[in-house]
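User: Please take a close look at a single part of this model, one residue and its surroundings. Start with the whole chain, then zoom in.

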Amino acid sequence: MTARGESTYRAGAGRAGPPALDAALTDAVLRTGASAGGLFLWDGAGEQRKLGLAVVYGVPEEVTRPWYRISPSAPTPVADAVREDRLVWVGSHEDLARHYPRAAVSLPYRSALAAAPLPGRTGPRGALLLLWPASHPRTAGRREQHHITASARRIARILDSAGPLPHVPARPRVIPAVPPAPRGAGRAAQAAADWIERLPEGAVALDLEGRIAFLDGTAAALLGRSSGQLLGTRPWQSLPWLDTPLVEDRYRTAVMSRDPVEFTALHPPDHWLHFQLYPDAGGISVRIAPTGGPETDRQPGPPPGPARRSHAAAAGPQTGRIYQLLHLAAALTETVAVRDVVELVADQVLPAFGADALVLSATEAGRLKITGHYGYDAAVIDRLDGLPMDTALTPAGQVMAAGVPAFYGDVREIAHEYPGAPRISGKQAWAFLPLTISGRPVGCCILSYDRPHDFTADERAVLTSLAGLIAQALDRARLHDAARDLARGLQQALLPRSLPAVPGLEIAARYLPAGHGMEVGGDFYDVIPLDTATVAAVIGDVQGHNVAAAALMGQVRTAVRAAAGAPPGEVLTRTGRLLADLDTDLLVSCLYVHIDLAHRLAILAGAGHPPPLVHRPGTRPHPVDLDPAPLLGADGDVACPVTHLDLTPGTLLALYTDGLVEKPTAGGVDTDRATAELASVLAAHEGADLDDLIEALVHAAGPDSPQTDDVALLLLRIRKAG
């Protein structure tokens, strides 16, 4: 197990090792004039693949916590850059809030940013993220965009030269941003220090991590500590009266936006001090002066932007934790399934709090049922899954019953109350968080550590608050999963369990549920053997995406089966009469095809349904010229005209519902264009296996777009002789 925060790039990775990446990122920041930057690289495989933050330059590591791991589908500039293979430019915080509201919550500072994919030989290797201060123009010029993309290409070439890399470290490596010393700095240093000491104000220099790198005697006297006690510390950590959200927030604002900021703070018992912060690429210069109180604040230099004057007096949680909690709250509102909740906690919560493993359990019939986990062996999960609520093996049941979290910083603490707990997993520290909603226990979240861990009061407060957010998300996700499973079961029960084997005919079908709601709709298909030489095929679409649509779909399919064998137009007419008798408000489109294999003839009748595509060997695929009737249900007794179609050996019919061709785009829905694209796919895959052809058709219809409508697809091909 690699220590958290330690680089896990393999030794001997040549030019793509940590020094090369550090140098490449530093060069990218300096070439583009950015103030900070980061490299995101692919980590993991399959569905677990994420974009991990490997290296950062110019910003404190703690600021990057919400960005440790990013899902490739997340609404962030980095994910968009990689997924869409393009440069993403966000010129201001207002633009960030407009286009990426979740990211704006965790990065609430005036700045501009750019995300560019790293174009490797086999696809994007990750992304380069660059940030500029608030003074940067809102738009990026063509030359600046060229510098950004050129830097991304250079980094990609370094990565390609070493081939695949191991997983990204749990926390990014931080490159210190140190500006070059001016000529003659050594000779002038003493003179500058003497000059500063003569001034009545205190002078402090902070590095970009917030640590005190220099302070003069006046500053030490005003702050009430010696230089030795303060050098190398963060002011809000070494001076309790500066441990307020406002102080840390002003420091973060100065670092991220490069804006001058100021605030006043009360040095107990009654001394008010005025702080002015002036940042640049190398650090922050701080002026400290006595003041009469917060009402006498002054504004340093040029206008520092919106609402930068304030005073601090009371302690509270660290600002970073507050922003982190807001970011996680926004992210949890977007989770849908239990798996989404588990992935979010694993990707965002674990690295942010230094934890190594996770177990999410829910109450079910008086037992603790594990709904998700990360970082545990399967044998450990099997042992923990299904424990009774009153178990004495772990604190989980007691924590849920009492609704009070439990924190164990080392093995001795937990072994005192639960002697068998440390032997279960070999972990060294634990946080047991009850998941409750309005006093009702819904589960328990367990964070564990591979080493002893001292839980600070700040961590305990934030984790306890976070547990409430996780509880809401988990409860909502469990309801969604239950509804989804019910919908899928209903859908599978209403669609054919298998397709019949018909001599002389190849058949393949696919149903794709909609990506929203209960994922159940009214699209259906069926293949009905009539005798040894004739078969009926039907496809239809009931209006709506709910249980009522699915139920009506089952009734329509049954009605078609009952009428099958009659002339195709009569089959649809009888089905329309059934809908009239049911007195439903839902309409149904339907296409019925009677295939006579002996005479190589198809007779088609349609009611408001897209015409099928026909592809004869050696010819261009095209839609069948149908004369359709109105939708079923619009008129209880309407005649349905029929169309005859010759079926030469190798002829393929592609029946589909409108969800396959009605894909929303920026220019609206263009079904003619979508149908033409499907015809091109048929032409390019002439003679291909039907299952492979279905995959190609589905992919061409929109592989990366969310499925807004359910889709049914049925392919029929006349076998060639021999």
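Analyst:
**From the whole chain to Ser-589**

The protein chain has an accessible surface of about 31500 Å² (Shrake-Rupley method, 1.4 Å probe; for residues, only the protein chains shown count as cover), and 54% of that surface belongs to carbon and sulfur atoms. This is a predicted model: local features need pLDDT of at least 70, side-chain atom pairs count only at pLDDT 80 or more, and totals for chains, interfaces and linings use all residues. Residues are numbered from 1 along each chain as its sequence is written, and side-chain values use heavy atoms, leaving out hydrogens and water.

The chain has 722 residues, and 53% of them are buried (under 20% relative accessible area with a 1.4 Å probe, protein chains only; exposed is over 50%, partly exposed in between). Its secondary structure comes to 21 helices and 29 strands (DSSP runs numbered from the N terminus: H or I of at least four residues, E of at least two). Take contacts (heavy atoms within 4.5 Å) between residues at least 6 apart in sequence: 63% join residues at least 24 apart.

Now Ser-589. This residue is found in strand β23, residues 588-596. Ser-589 counts as buried because its relative accessibility is 7%. Its side chain makes a polar contact with the side chain of His-609, at 2.9 Å. (A polar contact is a pair of N or O atoms within 3.5 Å; within protein, one must be able to donate a hydrogen and the other to accept it, and residues adjacent in sequence count only if both atoms are side-chain atoms.) Leaving aside residues up to four places away in sequence, Ser-589 touches Ile-539, Gly-540, Asp-541, Ala-607, Gly-608, His-609 and Leu-631.

Next, the sheet around it. Strand β23 belongs to an open, antiparallel sheet of five strands, in the order β21-β22-β23-β24-β27 (strands pair if DSSP finds at least two bridges between them). The edges are β21 (522-529) and β27 (642-646), each paired on one side only. From one strand to the next, the twist averages 15 degrees. Nine bridges join β23 to β22 (residues 534-542), and these two strands run antiparallel. Within β23, Cys-590 stands opposite Gly-540. Gly-540 is also among the residues that Ser-589 touches.

A helix covers this region too. Helix α18 (residues 547-563) lies across β21, β22 and β23, at about 20 degrees to β21 (axes are lines fitted to C-alpha atoms, for helices over the stretch in contact; angles run from 0 to 180 degrees between N-to-C directions).

The chain holds another five-stranded open sheet, with antiparallel pairing and the order β20-β29-β28-β25-β26. Strands β20 (505-512) and β26 (622-623) each have a single partner strand, so one side of each lacks a neighbour in the sheet. Helix α20 (residues 671-684) lies across β25, β26 and β28 (652-656), at about 25 degrees to β25. Helix α21 (residues 690-701) packs on the sheet as well, touching β20, β28 and β29 (711-718); its direction makes about 35 degrees with that of β20.

Last, the nonpolar cores (sets of buried Ala, Val, Leu, Ile, Met, Phe, Trp, Tyr and Cys residues joined through side-chain atoms within 4.5 Å). The largest has 57 residues, and Phe-40, Phe-275 and Ile-288 have the most contacts inside it. Helix α10 (residues 245-257) gives this core its largest share, six residues. A second, separate core has 55 residues, including Ala-536, Leu-579, Val-593 and Ala-605.
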